[in-house]
Structure formats: C-alpha cells, structure tokens
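This briefing covers one protein chain, first as a whole and then residue by residue. Please keep the sequence and the structure in view while reading.

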Amino acid sequence: MKAMLLAAGYGERMLPITRVVPKPLIPVLGRPLAPQILARLAAEGIDEVVINLHHLAQPIRDAFGDGSVFGLRALHFSLEEERLLGTGGGVGHAAAMLKGAGTILVRNTDFLADISLSKVVASHVRSGCPATLVLAPHRAGYTAVAIDERHRVTGFGEKHDGRHLFTGYHLIEESVLDLIPRSVPSDIVRDVYFGLCADGLLNAHVHDGFWWEFGNPREYLEGSMRVIALPAEQRVRLGEFDVVRRAGDALAAIGAGADMTSPGIKLSGTIAIGMGVMVGDGAALEDTVVMPEAWVGPGSTLRRCIVGSGTEIPLGFEASEALLATDVDPDAPLTPGIERVAGLLVRRFSVAATP
C-alpha cells in the first residue's frame, strides 16, 4: 500500500505564521505535524509515500529528505507548479506515482489522530467499495455526513441529517484515480465521492478515538490543550511530543532548552513552551502556546494566545485570544483579519477564518 499526504495548500487559515512556515511543518507541542504523520505511517507498514507540493515547497523537501529518517523506503514529491489543484486534482496529478501497489491511503496533513490503519483496511475490504472515508462524530463548523446501517455514505450536508464528519483520512482503489478530472483543480468529495455516494459505493469507517484538526488558530490552540491533557499512554499513540509536566499552576509541555528561570513568571491553565523559548521576568501566560525559539518579554501578559516560532514579544505586551507572529516584511500589504501591533502581526481569533 502507498500513501499520499496532501501538503500543497497555502494554509490561509493559519496566517500569518504560514507566510514563512508551510502548514505541514507547524509544530504541535514542539513537533511538526507532517513528520509525525510520516513516522506513524511507517510504523503501520507503509513504506512508500507521495506528497504534493506548491506553497513553500522547498522547506518541505528539505525537512523530509528521502524519507529514510522516518522509516520509509521511498518518498516522492508531486509538484503543482502553476497552481493548486485541490484535493482531487492533486491526487490525480500524482496518479502515476500512486499506482502499482493496490489500495491507496490519502490523508490531510493538518490533523492528529489515533486511527488504526489495519481497522480501516479491514472495513474497506469487507465493503467491496472503491473508496472508504474515515468519519468521526460531528462537530459544529464541519460538513455533516450521513450513513446507513451498512455504513454506506448516503449524503453530505445538513439536509441529510448526518451525525458524522469526514476526517480527511480515506482509502481509495486505483480505479478511483480514473474518476478524477486531469490537470484541473477539483475537489475529491464533490467531484468523485458525491457520485460514488449516489451509486451506493462509498464506504464509511467510524472512528471513535482521538481526532483533531489544527486548521485555524482557535482549533490549533484547543487541540494543543487537548493533547497535553491526554493520559500519557494515549498521547504517545499520536506521536512524540515535548515532555508534559506540572509547572507552577499549569500543566505544561516544555521543550528542550526552554528558559523559564527568570523571577516572577506566572503560568496557569495549560501551556506549551517550545524548544529554546525564553520567558522574561514577571511574564504571565495562561492557556497559551509559545512555539520554538520565541522570546516573551518581561512583564508580558498572554491569555489564550499562540506565539509563532522565533517571534519576539515586546516588554509589557498584552494580548488575549490572538495569534502573534514576527512581521518579516513591514512593507507588505496586510491580509484581511491581520493587523500590525508593536512590530508584530496579530490575528484575533474572533476574525479567524472558519473551517
């Protein structure tokens, strides 16, 4: 079996961080998402993976190399040079690389889950369908997916009274590749799965374990808090992370070399402090993620914030419910929903794009 990771997107919902860091390399508790996913795939027996690229392609190539460090035998890159081809077009563009080993796993790179590949494969084989979607219990903000008693998908959207959501983890047979429009952008759900659903040929595997998408700032923060709060034996099934321990009044994941020795630091709630982070005298952090190599200035107060990698938070800065990142190009036009404050790019959760 081969796998394909969808990694070409701009990551617009996580701007401004994704101006300089591709979304698959955004760290969760100190570890980038996509490398965690590759290591898990290798552990489950998949040794050949295809990754599609467009936005910030070179940093992804550099981070993954030939895939051997993750336990892969082969890692291929499918470059979408001129434009993004979407979830359908991206898979179709890589068809030649994906054929030859039977069933194909297709997976988004912005979520963590303890989905069992062997269970999904068993469900897929039993169904006899050309495609299987892994579903999770429905949450607000996601398209509802309805299934029948045979676990066939019967419809998408509210009018079908669906009680599940599509996780972005799916198995397809090689025949599905021939259903995807070639060389044009397409959405695999709309352009392929709607038709299979109408024909009763779209299987569903319901996952009742952990699944969380880190797609926008609010969901990223909530997901980080949830992973920290998991029992250690469940957290390890998702990947390797910074060590979780008590730190003052907080439950915290703290990376190697993080310096929090200054006097008067106040930590509360659930905290993630990345590798090499420095926190200044009297800073107060509550339910906040500080990504690697950032600096939090003395007297700063951050509540429910995300601090991007390498960002320097000024002395006495205060923020709540916001994503904060370095303004690497002060002359660049601002994306809607982002403002410049004290040399930082700030995105308030209240105006972040919805999933």
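A residue counts as buried when its relative accessible area is under 20%, as exposed when that area is over 50%, and as partly exposed in between. By that cut-off, 54% of the 355 residues of the chain are buried. The model is predicted. Nine helices and 25 strands make up its assigned secondary structure. The radius of gyration is 21 Å, close to the 20 Å that the globule rule gives for 355 residues, so the chain is as compact as a globular protein of that length.

**Overall dimensions, contacts and surface**

- Along the principal axes, the C-alpha atoms fill a box of roughly 65 × 45 × 40 Å.
- Among contacts with a separation of 6 or more, 57% join residues that are 24 or more positions apart.
- The accessible surface of the chain is about 14,800 Å², and carbon and sulfur atoms account for 52% of that area.
- The chain carries 32 positive and 41 negative side chains. The centres of these two sets are 4 Å apart.

**Backbone geometry: a cis peptide bond and two positive phi values**

- Most residues other than glycine have a negative phi, and most peptide bonds are trans.
- The peptide bond from Leu15 to Pro16 is cis, and its omega is near 10 degrees. Pro16 sits in the loop between β1 (2–6) and β2 (27–28).
- Leu29, a residue other than glycine, has a positive phi, near 50 degrees. Its place is the loop between β2 and β3 (31–32). With a relative accessible area of 3%, Leu29 is buried, because the cut-off for a buried residue is under 20%.
- His151 also has a positive phi, near 65 degrees, and is not a glycine. The loop that holds His151 runs between β9 (145–147) and β10 (153–156). The relative accessible area of His151 is 32%, which makes it partly exposed.

**Residues in strands: Ala146 and Thr270**

- Ala146 belongs to strand β9 and is buried, at 7% relative accessibility.
- Leaving aside neighbours within four places in sequence, Ala146 is in contact with Arg152, Val153, Thr154, Gly155, His160 and Gly162. Of these, Val153 and Thr154 fall within β10 (153–156).
- Ala146 and Leu29 are separated by 117 residues in sequence and by 34 Å in space, C-alpha to C-alpha.
- Thr270 is part of strand β16, residues 266–273. Its relative accessible area is 16%, so Thr270 counts as buried, the cut-off being under 20%.
- Not counting residues up to four places away in sequence, Thr270 touches Met225, Ile228, Leu251, Asp287 and Thr288. Met225 and Ile228 are in helix α8 (217–229).

**A residue in a helix: Met97**

- Met97 is found in helix α4, which covers residues 95–98. At 30% relative accessibility, Met97 is partly exposed, because this value falls between the cut-offs of 20% and 50%.
- Apart from neighbours within four places in sequence, the contacts of Met97 are Lys2, Val50, His76, Phe77 and Ser78. Of these, Lys2 lies in β1 (2–6).
- In sequence, Met97 and Trp295 are 198 residues apart; in space, their C-alpha atoms are 43 Å apart.

**Residues in loops: Asn216 and Pro298**

- Asn216 lies in the loop between β13 (211–213) and α8 (217–229). How buried or exposed is Asn216? Asn216 is buried, with a relative accessible area of 4%.
- The side chain of Asn216 reaches the backbone nitrogen of Glu219 at 2.8 Å. Glu219 is a residue of α8 (217–229).
- Pro298 is located in the loop between β20 (295–296) and β21 (301–307). Its relative accessible area of 25% makes Pro298 partly exposed.
- Which residues does Pro298 touch, not counting those up to four places away in sequence? They are Gly280, Asp281, Leu315 and Gly316.
- Pro298 and Ile265 are 33 residues apart in sequence, and their C-alpha atoms are 8.8 Å apart in space.

Note on methods. Residues are numbered from 1 along each chain as its sequence is written. This is a predicted model: local features need pLDDT of at least 70, side-chain atom pairs count only at pLDDT 80 or more; totals for chains, interfaces and linings use all residues. Side-chain values use heavy atoms; hydrogens and water are left out. Helices (H or I, at least four residues) and strands (E, at least two) are DSSP runs, numbered from the N terminus. The radius of gyration is taken over C-alpha atoms; the globule rule is 2.2 Å times the number of residues to the power 0.38. Buried means under 20% relative accessible area, exposed over 50%, partly exposed in between (1.4 Å probe, protein chains only). Contact means heavy atoms within 4.5 Å. Accessible areas come from the Shrake-Rupley method with a 1.4 Å probe; for residues, only the protein chains shown count as cover. Lys and Arg count as positive and Asp and Glu as negative; His and the chain ends are not counted. The place of a charge is taken as NZ of Lys, CZ of Arg, CG of Asp or CD of Glu. A polar contact is a pair of N or O atoms within 3.5 Å; within protein, one must be able to donate a hydrogen and the other to accept it, and residues adjacent in sequence count only if both atoms are side-chain atoms.
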